[in-house]
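Welcome, and thanks for taking a look at this one with us. Here is a short tour, so please keep the viewer open as you read.

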Amino acid sequence: MKLDVDVLRYLSKDDFRVLTAVEMGMRNHEIVPTELIDRIASLKHGGTYKVLKNLLKHKLLHHDSSKYDGFRLTYLGYDFLAIKTMVNRGVFAAVGRQIGVGKESDIFEVATEDGTVLAMKLHRLGRISFRAVKSKRDYLRHRSSYNWLYLSRLAALKEFAFMKALEEHGFPVPKAVDCNRHCVVMSLVQGYPLVQVKQLQNPETVFETIIGLVVHLAEHGLIHCDFNEFNIMIDDNEKVTMIDFPQMVSVSHRNAQMYFDRDVECIFKFFGKRFNLSFKEHTDENDGSDVDSDENGRPTFSSISKLAGFLDKELAASGFSRKDQDDIEKFIEGGIEKDRSSDTEGTEDEEHESESSETIKRTLDSLHLLEKEENTSNFIEEGKVYENQQSCETGQNNGSESEEASDKEEESQTLNTGDVELVKRLNKQRRRAIASVRGGRRSLASRNSYKDKGGKSSQNSKLKKQLSSW
């Protein structure tokens, strides 16, 4: 569709408001209903329908009433929205002639207020000549539904990002100025496409420069994927400039070697046919280069070392998996944390062991107390036997009395030092243990747990099992 910017002079604010409403509605609709456009635009006195009729006359919208009454943006209407935004930003003030046509873009001359001429590239994916975008490009990534306007916007954003990064790293590319929707504004390259050049003063030098750019890009982690005579500009001084970057991929792409070999093959084939270069003599002179070459003198993908930079990671180029990089970083950090946690786990295990040993000691002490209490109870029940044993075993009783006196002295010492609460807690624990053995106190088990109804004998057997396990 031809871009006629004269229509821009006759469009009002309401026209652009309705165009923007259709653009917003196309986020969720292939064909935006007329009622939704009216609600989003919210013009006074129902002026939306009159504006839609005017925009349809200038072919800025397409009307579809097959399923319901609705509209969608055309590429011309999308162009007008992008150009209006650029003019409001002050990027340029005038649109000139068309200087280039591609399978997925159109290029126009634009001029700023001070007369500087720039290049404006409008991406137009979905043409009849190139509709296999989903299989040839990775703009969609994981998405299943799409429209051509959205794909064109993604392509423009990607090209602007690559152009900006390559310019910062010293590559011969146009200067990126601004980007909006599917429009990219860049500096105008004063030169000609290499396909239009019939003669060169130094074809060998130009050939070496172009092959060096392919290798230099791969060292930075990128592959052009369309590096041929159509995307190489050359000026009168035989200075080379690269253009067209939406299809660039990372060297970690699964087809990176195939793309790299294809770019190299295109350059070798073009210079061999157009300028009749003998590549065997050329490669013999450059045997001291760092990059290895095959039998035909072409640089190999496996010999390139990524030492200069990692632009594929910075720009998330095609084939670069951000998830894999995050997993690697987490694995590295996890190894360090694992070493730290192993040290802490050792100390924690020691603490747990010490705590468990203390608890075992306390339970053993309480069980010894229980045995003493059971023995005393048996002695009380058999009073006569106890009296006889007392008369004949006075020595043992004297020893026990001395032990009780020593215990009392220790308790008095602890009371004097001020550890009254600790003694109270110990006495309470002893009483609970004795009461649980005698059956005078219920266990603290939950309601859903198994309740043993065996009485004292079953409880004593449980305690004996615990002692045997310890």
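Let's begin at a turn: Arg181 adopts a positive phi near 55° in the hairpin of strands E7 and E8, where two residues sit between the strands. Please keep in mind that this is a predicted model. From that hairpin we can move out to its sheet, then to the helices across it, and on to helix H2.

**The hairpin**
- E7 covers residues 176-180 and E8 covers residues 183-187.
- Four bridges hold the two strands in antiparallel pairing.
- Within this pair, Ala176 is found opposite Met186 of E8.
- E7 is mostly covered, with four of its five residues buried.

**The sheet around it**
- The hairpin belongs to an open sheet of five strands, ordered E4-E5-E6-E8-E7, with antiparallel pairing.
- E4 (94-101) and E7 are the edge strands, each pairing on one side only.
- On average, neighbouring strands of the sheet are turned by 25° against each other, direction ignored.
- At the E4 edge, five bridges connect E4 with E5 (residues 105-111), and the two run antiparallel.
- Gly100 has Ile107 of E5 as its opposite residue.

**Helices across the sheet**
- Helix H4 (residues 75-89) lies across E4, E6 (117-123), E7 and E8, and runs at about 125° to E7.
- Helix H6 (residues 148-168) lies across E6, E7 and E8, at about 160° to E7.

**Helix H2**
- Which residues of H2 (residues 34-41) are buried? They are Thr34, Leu36, Ile37 and Ala41.
- These residues are on the same side of H2 because they span an arc of only 160° around its axis.
- As background, residues three or four places apart point the same way in an α-helix, because there are 3.6 residues a turn.
- The cover over the buried residues of H2 includes helix H1 (13-25), strand E1 (32-33), helix H3 (48-57) and strand E3 (70-73).
- Just past the end of H2, Ser42 has a positive phi of about 50°.

**The protein as a whole**
- The protein contains 15 helices and 13 strands.
- It has 470 residues, of which 35% count as buried.
- Among contacts with a separation of 6 or more, 62% come from residues 24 or more positions apart.
- The exposed area of the protein is about 30,200 Å², and carbon and sulfur atoms supply 48% of it.

Notes:
Residues are numbered from 1 along each chain as its sequence is written. This is a predicted model: local features need pLDDT of at least 70, side-chain atom pairs count only at pLDDT 80 or more; totals for chains, interfaces and linings use all residues. Side-chain values use heavy atoms; hydrogens and water are left out. Buried means under 20% relative accessible area, exposed over 50%, partly exposed in between (1.4 Å probe, protein chains only). Two strands pair if DSSP finds at least two bridges between them. Axes are lines fitted to C-alpha atoms, for helices over the stretch in contact, and angles run from 0 to 180 degrees between N-to-C directions. Contact means heavy atoms within 4.5 Å. Accessible areas come from the Shrake-Rupley method with a 1.4 Å probe; for residues, only the protein chains shown count as cover. The arc is that of the directions from the helix axis to the C-beta atoms.
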